[in-house]
Amino acid sequence: MFEPVLPAPTRRKDLLSRLAEPRHYDVAVIGGGATGLGVALDAAARGFSVVLVESHDFAKGTSSRATKLVHGGVRYLAQGNISLVREALHERSTLLAIAPHLAQPLPFVMPSYKFWESPFYGVGLKLYDALAGKDGLGDTEFLNRADTLARLPTLQPQGLKGGVKYWDGQFDDARLALALARTAARHGALLVNYCAATRLIHEDGKVTGLWVKDRETGHTHELHASCVVNATGVWVDRLRLQDGQATGRDAKPMVAPSQGVHIVVDREFLPTDHALLIPKTADGRVLFAVPWLGKTILGTTDTPRRDLAREPLPFREEIDFILRESARYLSRAPGLADIRSLWVGLRPLVKPADDDAERTKSLSREHTVLVSKSGLVTVTGGKWTTYRAMAGDVLEKCFAAGLLPARTGLATDHLRLVGAQGSSVPISSPPGLHLYGSEAGAVQAMRGADQELGGGLSEAMVRFAARYEYARTVEDVLARRSRLLFLDAALARTLAPAVAALLQQENGIDAQLPSFLTLCDQYLTVPAPV
């Protein structure tokens with residue numbers, strides 16, 4: 001079924017040897033989330049020399065904590081942001097084509113409990129179809145009561161009038177980020193995780209490079225580049241302020257972080273391959289119930305957050321909100337004891353200069369690219385679905401600012417990512433070998449392929465992660481190469497010692513087991529009521 005392929009190794013000593021070489025790069029990217037990885041791939045595909053450094057692991061922050069939807073943004077349509085929706089719908093289609101093993105169409109059902117809801121929302125979703133045009137995934141359908149319950153069998157039947165079915169997409173965000181990193185590496189980019197940018201280098205008032213520190217050894221390296229891209233998500237202001245201080249210019253913060261909480265419960269609460277969307281909850285927010293990797297994700301919230309923790313904690317009122325609203329629409333409501341994992345992501349929303357951003361729900365989800373007077377290029381905002389468009393805009397700004405010569409190259413809208421192969425197994429199914437796409441044969445050829453640790457994770461998958469997927473720690477494997485921390489934190493905790501032992505064999509370093517066990521506890525802990 002799967003044809004073995006030869007992956008490119010990611011031996012850290014080789015990566016660090018390349019990093020230590022004295023050379024001048026065309027592009028240096030700071031930040032290994034969706035945006036930074038997208039920029040690295042686009043630049044490398046155009047033939048530029050590229051280096052990317054990430055202070056933690058790829059997709060450690062926001063880019064592994066999405067609601068797992070590849071979407072045009074139904075709620076943005078309601079806000080009248082037609083251009084953002086049209087762009088996102090096109091990018092949705094592109095993403096599903098270049099990574100079919102990790103991104104696939106997903107049907108949604110929007111139930112109606114009032115007589116006006118189906119026609120009202122149905123008209124909007126028909127417009128959604130029209131905006132998608134040739135990029136559409138399927139036609140919007142009006143459902144009667146029986147058809148709605150057939151697709152969402154545990155939906156609250158009392159008062160149900162019918163529903164509307166429409167199409168969007170879903171994906172495995174962390175594994176897609178990894179596919180971007182490895183595809184960029186195939187095109188010559190050097191990408192190094194656990195390597196922090198500590199200071200920008202300025203010469204004659206211009207940014208000419210950066211100092212980086214290997215977090216494993218403490219060694220520092222000096223990198224020089226024609227164009228330095230700050231793609232650090234909610235953390236972009238740290239480098240912007242440093243740039244302003246070094247050049248004597250004022251740089252006001254541009255990001256208003258917003259927190260989104262997600263609760264994972266067993267599939268029995270919504271045993272279907274259809275997602276549930278409630279367009280307007282009691283406080284006006286959207287509620288999703290999404291089937292994903294054998295579980296159901298409930299969320300999300302939109303709460304302003306001033307601190308920028310790497311592992312932000314949920315507020316108890318956010319958890320109560322999600323469970324309370326879920327109980328209104330599910331015939332069997334999950335409770336606190338049913339939570340298998342609880343995780344939080346920070347969104348880098350861009351605020352106007354005179355906005356204190358107390359109401360993040362009203363802020364635009366569009367991205368922003370700024371070039372400072374020193375030449376530092378900063379990109380933030382946006383969403384996962386439009387990462388490729390964001391990368392293109394970054395390079396266009398680099399060309400316009402004279403930081404890089406304008407250059408076309410291999411078009412990323414047709415550049416299939418590492419492992420790209422169609423799959424008959426939906427992403428809503430439990431995790432397994434199918435998520436490796438065309439590389440499944442290479443995984444199966446490794447030692448330990450017949451030794452399953454649990455949750456669809458085998459010894460061979462851990463070894464593959466260490467040798468070919470940049471994995472260094474237990475968290476890298478169980479949070480992002482496998483998604484078990486996000487699916488079942490208790491199971492991840494149980495498997496962690498075995499994963500640590502395998503990583504010790506492969507990498508010969510401490511796999512940071514104690515810190516991961518603490519993280520598992522956090523993903524299982526519900527804060528006490530205030």
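In the predicted model, Tyr194 is a buried residue, because its relative accessibility of 9% falls under the 20% limit that is applied to this class. Tyr194 lies in the loop that runs between strand 7 (190-192) and strand 8 (195-203), and its backbone has a positive phi of about 55° although the residue is not a glycine. A positive phi is also found at Leu293, another residue other than glycine, where the value is near 50°. Leu293 is placed in the loop between strand 13 (287-292) and strand 14, and, with a relative accessibility of 2%, Leu293 counts as buried.

A further backbone feature concerns the peptide bond that leads from Gly299 to Thr300, which is cis, with omega near 5°. Thr300 belongs to the loop between strand 14 (295-299) and strand 15 (303-304). Strand 14 thus has a place in the description of two loops, since the loop that holds Leu293 lies between strand 13 and strand 14, whereas the loop that holds Thr300 lies between strand 14 and strand 15.

Salt bridges were examined next. The structure holds 32 salt bridges, among them the pair formed by Lys60 and Glu311, in which the closest N and O atoms are 2.8 Å apart. This pair links distant parts of the chain, 251 residues apart, with Lys60 in the loop between strand 2 (50-53) and strand 3 (69-70) and Glu311 in the loop between strand 15 and helix 9 (316-329). Both partners are buried: Lys60 has a relative accessibility of 8%, and Glu311 has a relative accessible area of 17%.

Glu311 also meets the side chain of Arg65 in a salt bridge, with an N to O distance of 2.9 Å. Here again distant parts of the chain are linked, as Arg65 is in the loop between strand 2 and strand 3, Glu311 is in the loop between strand 15 and helix 9, and the two residues are 246 residues apart. Arg65, with a relative accessible area of 5%, is likewise buried. Lys60, Arg65 and Glu311 are included in a network of salt bridges, in which they are linked with Asp57, Glu475, Asp476, Arg480 and Arg481.

A salt bridge between two helices is formed by Arg493 and Asp521, whose closest N and O atoms are 3.0 Å apart. Because Arg493 lies in helix 15 (residues 489-507) and Asp521 lies in helix 16 (residues 513-524), the pair ties together parts that are 28 residues apart in sequence. Arg493 counts as partly exposed, at 34% relative accessibility, and Asp521 is also partly exposed, at 35%; the Lys60 partner described above, by contrast, is buried at 8%.

At the surface, Phe115, Trp116 and Phe120 make a nonpolar patch of about 400 Å². Trp116 is found in the loop between strand 4 (103-112) and helix 5 (117-132), and this residue counts as partly exposed, because its relative accessibility is 37%.

Note on methods:
Residues are numbered from 1 along each chain as its sequence is written. This is a predicted model: local features need pLDDT of at least 70, side-chain atom pairs count only at pLDDT 80 or more; totals for chains, interfaces and linings use all residues. Side-chain values use heavy atoms; hydrogens and water are left out. Helices (H or I, at least four residues) and strands (E, at least two) are DSSP runs, numbered from the N terminus. Buried means under 20% relative accessible area, exposed over 50%, partly exposed in between (1.4 Å probe, protein chains only). Patches are made of residues with over 30% relative accessible area and no salt bridge: like charges are joined within 9 Å, nonpolar side chains (Val, Leu, Ile, Met, Phe, Trp, Tyr) within 5 Å. Accessible areas come from the Shrake-Rupley method with a 1.4 Å probe; for residues, only the protein chains shown count as cover. A salt bridge is a side-chain nitrogen of Lys or Arg within 4 Å of a carboxyl oxygen of Asp or Glu.
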